[in-house]
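Hi,

Here is the structure I promised to pass on. Have a look at it first, then read my notes below with the model open next to you.

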Amino acid sequence: MNILVFVECAEGKVKKNSLEAVAFANAMGGNVSAIAIGQVEQTELESMGKYGAKKVLHVADEKLNQGVIQAYAGVLAKAFQDVQADVLVLADSSLGTPVGARVAAKLDASLASNVVQLPDTSSGFIVKRSIYTGKAFANVSLTKPKKVIGIRKNAAEVKEVGTPVSVTPFRASLSDADFSTTIVSSEKATGEVLLPEANIVVSGGRGMKGPEHWGALEALAKTLGAATGCSKPVSDMGWRPHHEHVGQTGVKVAPQLYIAVGISGAIQHLAGVNSSKCIVVINKDPEAPFFKAADYGIVGDAFDILPKLNEAIKAAR
Amino acid sequence: MKILVCISHVPDTTSKINFTDNNTKFDTSGVQFIIGPYDDYALARAVELKESLGATITVLNVGLTDTEPTIRKALAIGADDAIRINAEPADSFFVASQIAAQAKEGGYDLILMGRESIDYNSGAVHGIVGEMLGMPSVSPVMKLDIEGGKAKLAREIEGGKEYIEVNLPFVAGCQEPIAEWKIPNMRGIMSARTKPLKVVEAVAIDSGVKLQKFELPPPKGSVKMVPADNVAELVNLLKNEAKVL
């Protein structure tokens, strides 16, 4: 089985969820080629070999330094054919998911996103997808010869299995139509841990009483190397930016540890966190529904507990 | 301007999910169905554009007769007419193929839908429709303005957003805060009853995706409470029991 992996890059580095995609492809037991598009450090690409890639392709083209969905899909479809791939693996993200959809349509491939574990290939090719916003799973059989699968965070464990490989330049001739969308500018929080990729998330709700109190949450997040998140009301009220909204209609996270402070736990919020490995709930209301979905809980005042927790974690590490 | 808004008919966000028929069918008993929340944002933005620039809005759903109340609600919110493609919305590729087959002859300037449906969460329909129609597709779109045949969009990316310009026509997968959800008023509800709803048979297509079975996650164990004056114990549990620190 030949597998092509789309490696997403940001600020010159390979994104963490793309390492998982390479590891996933390697664990599938195939011959893995990886392809990166745009600006990225050479050593980053070479190191894909450590996670299981036998071959690394790189498309260096100024026009592709930003993630133009159509153009990226064009490059991936071309590379798929060139390496005679059977499966394209990519990490689900704001870029990966829409790009994967277009590639599947171009190649007439079976498509599944939100895949949570390795496919079962004992008879056919069956993948397990997360559905109903994390409330259930569907096992679906992908029956076409070509397949495109998008994987969720934590679908594979990143392990070093090999040594760095050299990088091969790759060219795909694209048409003007592939560049019919223009990315005029972008704004991005820098230096922060990105919420969808974070191993630990510290999230605040209305119980934080106002944006001016976020310092205590951010201090704890900093100690833990965590990303900060929030509930829908908090982002609706403009206390925090929309990209921090965790829940049914916001970001769905799957960290090792999710710490919810002053969030009551509406079912729509739970839908965004139910793939977390461990959930800690801190709330002054002992009846908060979130406790039912938690692994550990503390009933108490957030403003009292947060600094103490921060100190206790510093002491324990 | 002609706008096509594609809506899904999905369980309300507070629904408990269960399956029947040996885990091969969704259990609809006691479940209330709604317009997909993301699709509802797309529809709300379409209605705003209609009010500010003038437009006709056609709403499209792939579903069986039971989705008609959901379609009528979209008409009550402000769509002018509706198309129901008479088939079970099995997967993204199937649904997208139906939409593309309808939209091909429709001459739409804008094809809007949610970034994903909240039942299967694929987030793929807009991309496949775009590819099939040879149009750009952008998702997830959180801002959409139209000025002189050109659209200015904001797309959410991890930790921020991108500002994009694109010529019409194109396909967009929408999300908040592109517009505020609209609640139908009495006049809208009355007029929705007589607005045209065309039923079309589905085109045959092999999407290459076959459901084997559904599965529910294992039940969550009970919560362990830690006294507020002993956060050190919490840290100990996280480190040595849960092993997440």
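Let's start with a small puzzle: which residues of α2(B) are buried? They are B:Thr70, B:Ile71, B:Lys73, B:Ala74, B:Leu75, B:Ala76 and B:Ile77. Keep in mind that this is a predicted model.

That list covers seven of the 10 residues in helix α2 (residues 68-77) of chain B, so the helix counts as mostly covered. In general, an α-helix has 3.6 residues a turn, so residues three or four places apart point the same way. Try looking down the helix with that in mind. Just after α2(B) you'll find B:Gly78, which has a positive phi of about 150°.

Now look at what sits around that helix. Together with β6(B) and β7(B), α2(B) makes a right-handed β-α-β unit. Strand β6 (residues 56-62) of chain B is largely enclosed by the rest of the structure, because six of its seven residues are buried. β6(B) has a parallel partner in strand β1 (residues 2-6) of chain B, with five bridges between the two. If you want a spot to zoom in on, B:Lys2 faces B:Thr56 in β6(B). β6(B) also runs parallel to strand β7 (residues 81-86) of chain B, again joined by five bridges. There, B:Thr58 is the residue opposite B:Asp81 in β7(B). As background, strands of a sheet pair through backbone hydrogen bonds, either parallel or antiparallel.

Next, chain A as a whole. Its secondary structure adds up to eight helices and 17 strands. The C-alpha atoms fit in a box of roughly 60 × 45 × 40 Å along the principal axes. Is the chain compact or spread out? A compact globule of 317 residues would have a radius of gyration near 20 Å, and chain A has 21 Å, which agrees. Of the 317 residues in chain A, 60% are buried. Contacts also reach across the sequence: taking those in chain A between residues at least 6 apart, 67% join residues at least 24 apart.

Then there's the place where the two chains meet. Chain A puts 71 residues into the contact and chain B puts in 65. On the side of chain A that touches chain B, the biggest contributor is strand β12 (residues 181-188) of chain A, with eight residues. By type, that side of chain A has 35 nonpolar, 25 polar and 11 charged residues.

My favourite bit is a sheet that uses both chains. It is an open sheet of six strands with parallel pairing, in the order β14(A)-β13(A)-β15(A)-β16(A)-β17(A)-β15(B). At its edges are β14 (227-230) of chain A and β15 of chain B, each of which pairs on one side only. Within chain A, strand β13 (residues 200-204) and strand β15 (residues 257-261) run parallel and are joined by five bridges. A:Gly204 is the residue opposite A:Val261 in β15(A).

Where do the chains join in this sheet? Strand β17 (residues 296-299) of chain A pairs in the parallel sense with strand β15 (residues 224-225) of chain B, over two bridges. At that join, A:Tyr296 stands across from B:Lys224 in β15(B). Helix α6 (residues 231-241) of chain B lies across β15, β16 (278-283) and β17 of chain A as well as β15 of chain B, at about 170° to β17(A).

Happy exploring!

Notes: Residues are numbered from 1 along each chain as its sequence is written. Chains are lettered from A and ligands numbered from 1 in the order in which they are written. This is a predicted model: local features need pLDDT of at least 70, side-chain atom pairs count only at pLDDT 80 or more; totals for chains, interfaces and linings use all residues. Two residues are in contact if their C-beta atoms, placed from the backbone, lie within 7 Å. Helices (H or I, at least four residues) and strands (E, at least two) are DSSP runs, numbered from the N terminus. Ala, Val, Leu, Ile, Met, Phe, Trp, Tyr, Cys and Pro count as nonpolar, Asp, Glu, Lys and Arg as charged, and the others, Gly among them, as polar. Two strands pair if DSSP finds at least two bridges between them. A residue is buried if 20 or more other C-beta atoms lie within 10 Å of its own, exposed if 12 or fewer, and partly exposed in between; C-beta atoms are placed from the backbone. Axes are lines fitted to C-alpha atoms, for helices over the stretch in contact, and angles run from 0 to 180 degrees between N-to-C directions. The radius of gyration is taken over C-alpha atoms; the globule rule is 2.2 Å times the number of residues to the power 0.38. A crossover is right-handed if, with the strands pointing away from the viewer, the path from the first strand over the helix to the second runs clockwise.
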